[in-house]
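This report describes selected parts of one protein model. Please look through the sequence and the structure before reading on.

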Amino acid sequence: MQGFEPDAIVVGAGLAGLVATYEATRAGRRVLVLDQENRANLGGQAWWSLGGLFLVDSPEQRRMGIRDSAELAWQDWQGSAGFDRTAAGTAGTPGEDHWARQWAQAYVDFAAGEKRAYLRELGLRLLPFVGWAERGRGDAAGHGNSVPRFHLTWGTGPEVVRVFLDKVLAAEQAGLVRFGFRHRVDALVRDGDAVTGVRGAVLAPSDVERGAPSSREEVSPFELHAPAVVLTTGGIGHNHDLIRAAWPVERLGPVPKYLISGVPAYVDGRGLGIARDAGARLVNADRMWHYTEGIHNWDPVWPDHAIRIIPGPSSLWFDATGKRFAAPNYPGFDSLGTLAAIGATGYDYSWFVLTQSIIEKEFALSGSEQNPDITGKDLKVMLRARLAKGAPGPVERFKTDGVDFVVADTLEELVAGMNRIVDGDSPARGPHLDAADLRRQIEARDAELGNAFSKDFQLMAIGNARRSRTDRVIRVAKPHRVLDPAHGPLVAVRLNILTRKTLGGVMTDLDSRAVDAGGAVVPGLYAAGEVAGFGGGGVHGYNALEGTFLGGCIFSGRAAGRAIARG
């Protein structure tokens, strides 16, 4: 790093770090970007993502006949977030949601305003269909999206990364950016109350592929200085010990004994402790976002590599004992509510039962690598893959090679296969299922299809979903009897708890400046992305509306970069 005097050090080369670097270099600031991984990992977790973005009242929504507004989105956000920690403490200490709620209002305004134009100017494009994620609990004032808002990037996560990375690499060529790969930051350097630099260890060179675990062998120590330090180190998604320690038992039920990881091993939460030790305040540690539809990756990149099924609403969802979940615990409706319902059973997994007709239209897989047609921006391949008979290739591959899948022609054969999965657990995780009991419940549901109306809440929800143009055309299967052989074969999937996001973190003001326990700014220290709870220490509150994680990295990273640019 000799001869390079940075105006800022960015710790973490994920999306938030790249956005902060881009914004700072636009103003001519010099930025040193440090990351414990190699250059192949530029973009961090965002590269692996599906590339979903939360937008409000977009042209894509309007073309699909969706009426949205900033007011409706803010109503949904507040109902989902449930900000209940805004009151100041007895000593005047700001409540844990003091800044989080302000970030939330600013972010909704951003999503309803300049966000789309900001990204479009960088070259990002969206698919024309708008998905309906987190459909909610059935309460207009409660959790969930009232309308579809999930916009999918043409190019998925790698494209979201690329539009910022290209600018940062150009700044590197211009001498404004210097990268320090394999530099693990262990502590922040302080001069009085101000943060003035970082110290840590240079790790041994590594040529592992993106996402794969790398060596932690230390080669030498380092200490580097700059007027500003931006932490963009991510959350705790692969650190199961930290997840279990912070798990809110009173809200989400017992701590799961078995977890699989939806993020690479380097997502270890170290940055949170580093920020705390430098005087920053950590808040809302009990708020987190994990998925109930996790499956083991048959071709893993990192340890315990999990993929999430992003389901449409039609699969029947049973707990580990074979009891169908009650409303509103349907696929795609209320992630954390269903997580709590699973925990209440005393087991840490559940089951989907569905048909080939449902899997063909309703199963999507999270991750850029699981959607090569969209990631590769190949329209012909996408149309061929999505319109051809059968599920998309990656989904079909999980059907044949995934350890969580069972395919059978009859329900009895299906349940026998499900029980074989249970028998393979060591230690045991749950009970055998009874085919007669599942048949009774499925036949009762199938009997409701004799009319265009029903008392079954899930069928009512499916009918409502199909009134959305996107859902009707490409996302939600026409209702049919699950036991009708014409729609077979039958498919069962065992669903595990997949770890993903930290919703709390470093408290920050609207300029992404870290705040201390008394509410004062920590001079020289910024935090953005997941380490800051995506802004303010918890912009999502208790629940997320989806498409908001990449956007949160962009919005908070942008705030940090612009604040540094102003000096």
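The text below covers a group of strands, a helix with buried residues, a pair of helices and a single valine.

**Strand β22 and its partners**

The model is predicted. Strand β22 spans residues 521-527, and 5 of its 7 residues are buried, which leaves the strand mostly covered. Strand β10 runs parallel to β22, and strand β21 pairs with β22 in the antiparallel sense. The two pairings are set out here.

| Partner of β22 | Residues of partner | Sense | Bridges | Residue opposite Y526 |
|---|---|---|---|---|
| β10 | 228-231 | parallel | 3 bridges | V230 |
| β21 | 513-515 | antiparallel | 2 bridges | R513 |

Y526 of β22 thus has V230 opposite it in one pairing and R513 opposite it in the other. Strands β21 and β22 form a hairpin with 5 residues between the strands. In this hairpin G519 takes a positive phi, near 95 degrees.

**Helix α9**

Helix α9 covers residues 270-277, and its buried residues are G271, L272, G273, I274 and A275. Several strands help to cover these buried residues, among them β7 (183-191), β10, β12 (282-283) and β20 (505-506). Strand β10 therefore appears in two settings: it is joined to β22 by 3 bridges, and it is included in what covers the buried residues of α9. After α9 comes G279, which has a positive phi near 105 degrees.

**Helices α1 and α19**

Two packed helices are described by the angle between their axes and the distance between the axes. For helix α1 (residues 15-26) and helix α19 (residues 549-566), the axes come within 7 Å and cross at roughly 30 degrees. Angles under 35 degrees count as roughly parallel, so α1 and α19 are roughly parallel to each other. Their crossing is right-handed. On the α1 side the contact is made by L15, A16, V19, A20, E23, A24 and R26. On the α19 side the residues are L550, C553, I554, G557, R558, A560, G561, R562, I564 and A565. The residues of this contact divide into 11 nonpolar, 2 polar and 4 charged.

**V249**

V249 lies in helix α8, residues 249-252. Is V249 buried, partly exposed or exposed? Its relative accessibility is 44%, so V249 counts as partly exposed. Leaving aside neighbours within four places in sequence, V249 is in contact with P254 and V255. V249 and V219 are 30 residues apart in sequence, and their C-alpha atoms are 41 Å apart in space.

Definitions and conventions: Residues numbered from 1 in each chain as written. Predicted model: local features only at pLDDT ≥ 70, side-chain atom pairs only at ≥ 80, totals over all residues. Heavy atoms only, no water. Buried < 20%, exposed > 50% of the residue type's maximum accessible area, 1.4 Å probe, protein only. Helix = DSSP H or I, 4+ residues; strand = E, 2+ residues; numbered from the N terminus. Pairing = 2+ DSSP bridges. Contact = heavy atoms within 4.5 Å. Axes fitted to C-alpha atoms, helices over the stretch in contact; angles between N-to-C directions. Parallel < 35°, antiparallel > 145°, perpendicular 65-115°, else oblique. Left-handed = near helix turned anticlockwise from the far one by under 90°. Nonpolar A, V, L, I, M, F, W, Y, C, P; charged D, E, K, R; others polar.
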